[in-house]
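Open the model in your viewer, and let's walk through it together. Each stop tells you what to select and what you will find there.

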Amino acid sequence: MAWIFDEYSKFHGHSPAVVTGKPIDLGGSLGRDAATGRGVMYATEALLAEYGKSISGSTFVIQGFGNVGSWAAQLIHEKGGKVIALGDVSGTIRNKAGIDVPALMKHRNEGGQLKDFHGAEVMDASELLVHECDVLLPCALGGVLNRENAPDVKAKFIIEAANHPTDPEADEILTKKGVVVLPDIYANAGGVIVSYFEWVQNIQGFMWEEEKVNMELHKYMNSAFQNIKAMCKSQDCNLRMGAFTLGVNRVARATILRGWEA
Ligand SMILES: NC(=O)C1=CN([C@@H]2O[C@H](COP(=O)(O)OP(=O)(O)OC[C@H]3O[C@@H](n4cnc5c(N)ncnc54)[C@H](O)[C@@H]3O)[C@@H](O)[C@H]2O)C=CC1
Ligand SMILES: O=C(O)CCC(=O)C(=O)O
């Protein structure tokens, strides 16, 4: 991103707002690194509250321990959630008393593989997504929930932190089973929201403190959830349909207002 910004600026003058995800010293935003995982945590909080539940006291299974998964795990752990199983390409582990996420981060940051972490036992990777838990967070790849494994999913809630982790067949199976799926278009929007904040800061020429970034992110995630919920209520539809209907309606309204309709 620094390179793109630099090349563009050579021809058009200093233009930090031309691209987001830049290093902090070149006009990036504080809080961007954690933003997607933090947004996932806020989205989880908002959804669970609808069902009279909270992160504290709930159990979590997380696939992926990269940018999104590791931040989501840390923030959920900080909020009192119990991460009971977790996996990445270097191993899949479980601890029904709850994995010590800060200790796992230290292990990983020192170059350790998940399978060698002492605070948990190794399990079969194929069991991760169907492991008993309250909340399942796929934070790695697309298409991981499909017709093969969806019938065996035991989670009550799925937060789509990765892009497109649930294929359409799985979506149908999970809906019939009564599993509540929070769609990626909303659940993992924290990254793009803070990228928007980065652009806003760049055009203002004013850098926000990290606390402000996180507070604004919280506001956006909460109000988006309330808007999706209202749409689901008025259209009697699930969260994915509610989120898409909200987005498509906004684009349609702007298109009509500009006189572009056929
Ligand atoms: N980083 C961001 O800001 C955003 C990321 N996303 C989506 O979230 C997902 C994860 O992105 P990042 O965390 O940024 O990527 P990353 O590359 O930092 O982490 C990916 C993680 O998935 C794990 N993984 C890969 N294959 C796996 C497998 N077969 N089984 C278990 N774990 C596996 C890797 O070991 C790693 O821990 C992607 O779908 C991405 O498109 C969505 C919105 C924003
Ligand atoms: O960095 C951004 O602006 C958004 C990233 C994102 O949404 C993604 O990786 O899917």
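## A serine beside the second ligand

Select Ser 195 together with ligand 2: a polar atom in the serine side chain sits 2.7 Å from an oxygen atom of the ligand. Keep in mind throughout the tour that this is a predicted model.

Now widen the selection to the residues that surround ligand 2, which are Arg 32, Asn 163, Val 192 and Ser 195. Arg 32 has a polar side-chain atom 2.7 Å from an oxygen atom of ligand 2. For Asn 163, the distance from a polar side-chain atom to an oxygen atom of this ligand is 2.9 Å. How much of ligand 2 does the protein bury? On its own the ligand exposes 290 Å², and the protein buries 52% of that. Colour the shell by class and you should see one nonpolar, two polar and one charged residues.

## Over to the first ligand

Keep Arg 32 selected and add ligand 1. An N or O atom in the Arg 32 side chain is 3.0 Å from an oxygen atom of ligand 1, and Arg 32 also belongs to the surroundings of ligand 2.

Next, show the backbone, because two contacts here would be missed with side chains alone. At Asn 67, a polar backbone atom is 2.9 Å from an oxygen atom of ligand 1. At Val 89, a polar backbone atom is 3.1 Å from an oxygen atom of the ligand. Taken alone, ligand 1 exposes 840 Å², of which the protein buries 65%.

Which residues come nearest to ligand 1? Out of the 17 around it, they are Thr 36, Phe 65, Asn 67, Val 68 and Asn 163. Select the whole shell and you have eight nonpolar, seven polar and two charged residues. Helix H2 (32-50) and helix H3 (67-78) are worth colouring too, as each supplies at least two residues of this shell.

## Along helix H3

Stay with helix H3 and pick Ser 70, which lies in it. Is Ser 70 buried or exposed? Its relative accessibility is 4%, so Ser 70 counts as buried. Draw a distance from its side chain to Gly 66: a polar side-chain atom of Ser 70 is 2.6 Å from the backbone oxygen of Gly 66.

Ala 73 is also found in helix H3. With a relative accessibility of 0%, Ala 73 counts as buried. Now add His 118 to the selection and connect the two C-alpha atoms: Ala 73 and His 118 are 18 Å apart in space and 45 residues apart in sequence.

## Two loops with a positive phi

For the next two stops, have the backbone torsions on display. Most residues other than glycine have a negative phi.

Select His 164, in the loop between strand S6 (157-159) and helix H5 (168-177). Its phi is near 55°, a positive value in a residue other than glycine. At 45% relative accessibility, His 164 counts as partly exposed.

Then move to Asp 236, which you will find in the loop between helix H8 (210-235) and helix H9 (239-257). Asp 236 is not a glycine, yet its phi is positive, at about 50°. Here the relative accessibility is 72%, so Asp 236 counts as exposed.

## Back towards the start of the chain

Select Ser 9, in helix H1 (residues 2-12). Ser 9 has a relative accessible area of 14%, so it is buried, the cut-off being under 20%. Show Ser 15 as well: its backbone nitrogen lies 3.1 Å from a polar side-chain atom of Ser 9.

## Zoom out

Finally, clear the selection and look at the protein as a whole. How many helices and strands are there? The protein has nine helices and seven strands. Its radius of gyration is 20 Å, close to the 18 Å that the globule rule gives for 262 residues, so the protein is as compact as a globular protein of that length. The C-alpha trace spans about 55 × 50 × 30 Å along its principal axes. Colour by accessibility and you will find that 48% of the 262 residues count as buried.

For a last view, colour by domain. The domain assignment gives domain 1 (1-30) and domain 2 (33-187). Place a marker at the centre of each, taken over C-alpha atoms, and the two markers will be separated by 33 Å.

Definitions and conventions
Residues numbered from 1 in each chain as written. Chains lettered and ligands numbered in written order. Predicted model: local features only at pLDDT ≥ 70, side-chain atom pairs only at ≥ 80, totals over all residues. Heavy atoms only, no water. Near = heavy atom within 4 Å. Polar contact = N/O pair within 3.5 Å; in protein donor to acceptor, adjacent residues only side chain to side chain. Areas by Shrake-Rupley, 256 points an atom, 1.4 Å probe, with all protein chains shown as cover. Helix = DSSP H or I, 4+ residues; strand = E, 2+ residues; numbered from the N terminus. Nonpolar A, V, L, I, M, F, W, Y, C, P; charged D, E, K, R; others polar. Domains from an automatic or database assignment. Rg over C-alpha atoms; globule rule 2.2 N^0.38 Å. Buried < 20%, exposed > 50% of the residue type's maximum accessible area, 1.4 Å probe, protein only.
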